[in-house]
Amino acid sequence: MKRPELITIVGAGLVGSLLGVMLGKRGYRVQIFEHRPDMRGQHVAAGKSINLALAERGIHALKQAGLMEAVQPLLIPMRGRMLHDVDGRTEFQAYGQRPHEVIYSVSRSGLNELMLTAAEDSKRVEVLFEHELDSIDFDSNTIHLTDMKNSNPIAVTAELLIGADGAGSRVRRSLLPFVNGLDRSELLDHDYKELTIPPNAQGLHQIDRESLHIWPRGGYMLIALPNLDGSFTVTLFLQKQGTPSFAELDDRQSVQDFFSRQFPDAMELIPNLADEFFENPTGILGTVRCDPWIDQDCVMLIGDASHAIVPFHGQGMNAGFEDCELLVGLLDQFQDDWSSAMQEFNRSRPADAEAIADMALENYITMRDSVLDPRFGLKKKLGFQLELAYPAQFIPRYSMVMFHRIPYSQAKQRGVIQQGILDELTVGVDSIDQVDMLRAGQLVQQRLELLSDSKSG
Ligand SMILES: Cc1cc2nc3c(=O)[nH]c(=O)nc-3n(C[C@H](O)[C@H](O)[C@H](O)COP(=O)(O)OP(=O)(O)OC[C@H]3O[C@@H](n4cnc5c(N)ncnc54)[C@H](O)[C@@H]3O)c2cc1C
């Protein structure tokens, strides 16, 4: 395929705008259609979570795009989980064991706005807000949109169309039937609701600023991530139906009773609990798995449009940013032959998307339940020790996902082997000094190949 004159992206969310920056830098002319109004300079909800966790894969992609210096002031490091029990006792569990092994809370709208401006500053990227994609005519490479400012329909020829239009992607929904593809998307039976812990009278955070706070309650949980203005965005994850459930929390009293029973310390810090609970939308969660992600050399999906995941590993955006970096790497490799780059992306990337989708689902159980188990703590400690002793072989799975760029599929595969080693070494053991470290070394050498990947560091 010859170098496209103009690339059309649908969706100027996190992934569409980063891809715009990267393609603009590469010298492409890009047009992005976004159905929301321009969020800059006005209060427009960014949709989904107010803030989110940025980790190594996302950071690396932002560096490649030349944006990391500008993003830095938006970040708050989160060094570990702060667990809150029902009696208000807290326990801190570090995420990593080296100073740089932290994740960062970042404002979704702050990051999105910064990337939109960087894309437009390149002068090669045009973002058309309030333009909603309605349908695609694949035979004539035409997309049909509505200009929402005046409700006028418009038709645009799209030589190369990239769907970065998120989990509910209309590009995906049009593409898959056209190519006889497969959509195995699934909704989770848990929803979420965002609430706020405001800053104190001095404008400071009321709970530890550099932690991701979790109130794990077995089948459900509350979490809180810090914002730069001293507030925390709190999210309740809870099943839709059953006991307890969103269905049961149907009036102010039931919400207050539930929080005072389950999250009394958090409740004290959320002054507008019942108001916010009923004013803020209840969000749905799900996993998108589909095949293929491309049609020939003229349409492709990226980010949540092809592989949305549940948020429990804090990796959806990070994975989408990694997509952008991988795609640009493939354009390097194939000298901007889009056809080859897209085919290779469609061949190699889905296995990693599948792996992080699975790990994100598993991590919900870890966050809401397993973190409370003393054996989880013991295995985490042992995992850290093994990492120190065998850094080129044993890296805890959480660290492989969050602090490294080891392909997700490899992280998942090695994670299973490592879990087996940890399980075996901790049978009948109550503390770390009872672990047979000689045997540990043998198991690591026998079962884990050396990490050869340059992305492991
Ligand atoms: C509660 C929650 C917490 C999360 N926390 C994290 C986290 O901590 N870390 C992390 O890495 N990820 C997290 N994620 C995942 C992350 O939000 C997504 O992976 C990320 O937003 C994907 O970016 P995207 O650009 O692909 O899609 P989106 O951000 O959904 O952007 C899609 C864009 O397309 C536009 N659009 C949609 N349809 C059309 C149309 N028909 N026409 C024109 N425009 C359209 C939308 O308006 C939007 O701007 C979280 C998600 C949720 C729900």
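## A tour that starts at Q64

Select Q64 first: with 18 other C-beta atoms within 10 Å, Q64 is partly exposed. A residue needs 20 or more such neighbours to count as buried and 12 or fewer to count as exposed, so Q64 falls in between. Keep in mind as you click around that this is a predicted model.

**Stop 1: the helix around Q64**

Now widen the selection to residues 56-64. That's helix α2, and Q64 belongs to it. Which residues of α2 are buried? Colour E56, R57, G58, I59, A61 and L62 to see them. Next, show what those buried residues pack against: α1, β3, α3 (68-71), α10 and α13 (397-402). One helix habit to remember here: an α-helix has 3.6 residues a turn, so residues three or four places apart point the same way.

Go back to Q64 and add E325. These two residues are 261 positions apart along the chain, and their C-alpha atoms are separated by 7.4 Å. Then step just past the end of α2 to G66, where phi is positive, at about 75°.

**Stop 2: the ligand**

Select the ligand and its surroundings. How many residues are around the ligand? There are 33, and G11, G13, G166, G303 and G316 come nearest. Sorted by class, this shell holds 13 nonpolar, 13 polar and 7 charged residues.

Try colouring the elements that each supply at least two residues of the shell: α1 (14-25), β3 (51-54), β9 (131-137), α9 (304-307) and α10 (316-333). Which of the elements gives the largest share of the shell? It's α10, with 4 residues. You've already met α10 as one of the partners packed against by the buried residues of α2.

**Stop 3: a loop after α10**

Follow the chain out of α10 and select Q335, in the loop that leads to α11 (338-368). Is Q335 buried or exposed? Q335 has 9 other C-beta atoms within 10 Å, so Q335 is exposed. Now add R3 to the selection. R3 and Q335 are 332 residues apart in sequence, but 9.5 Å apart in space, C-alpha to C-alpha.

**Stop 4: an open sheet**

Switch to a cartoon view and look for the open sheet of 7 strands. Reading across it, the order is β6-β5-β16-β17-β18-β15-β19, and the pairing is mixed. At the edges stand β6 (90-94) and β19 (282-283), each with a single partner strand, so one side of each has no neighbour in the sheet.

Zoom in on the β19 end. Strand β15 (residues 190-197) runs antiparallel to β19, and 2 bridges join the pair. To find one partnership, select Y192 and its bridge partner G283 in β19. Strands of a sheet pair through backbone hydrogen bonds, either parallel or antiparallel.

**Stop 5: zoom all the way out**

Time to see the whole chain, which has 15 helices and 23 strands. Its radius of gyration is 23 Å, close to the 23 Å that the globule rule gives for 457 residues, so the chain is as compact as a globular protein of that length. Along the principal axes, the C-alpha trace spans about 65 × 55 × 40 Å. Buried residues make up 42% of the 457.

Finally, colour by domain: domain 1 (6-82 + 107-186 + 288-362), domain 2 (189-283) and domain 3 (373-456). The centres of domain 2 and domain 3, taken over C-alpha atoms, are 34 Å apart.

Definitions and conventions:
Residues are numbered from 1 along each chain as its sequence is written. This is a predicted model: local features need pLDDT of at least 70, side-chain atom pairs count only at pLDDT 80 or more; totals for chains, interfaces and linings use all residues. A residue is near a molecule or strand if its C-beta atom, placed from the backbone, lies within 6 Å of it. Ala, Val, Leu, Ile, Met, Phe, Trp, Tyr, Cys and Pro count as nonpolar, Asp, Glu, Lys and Arg as charged, and the others, Gly among them, as polar. The radius of gyration is taken over C-alpha atoms; the globule rule is 2.2 Å times the number of residues to the power 0.38. Two strands pair if DSSP finds at least two bridges between them. Domain bounds come from an automatic or database domain assignment. Two residues are in contact if their C-beta atoms, placed from the backbone, lie within 7 Å.
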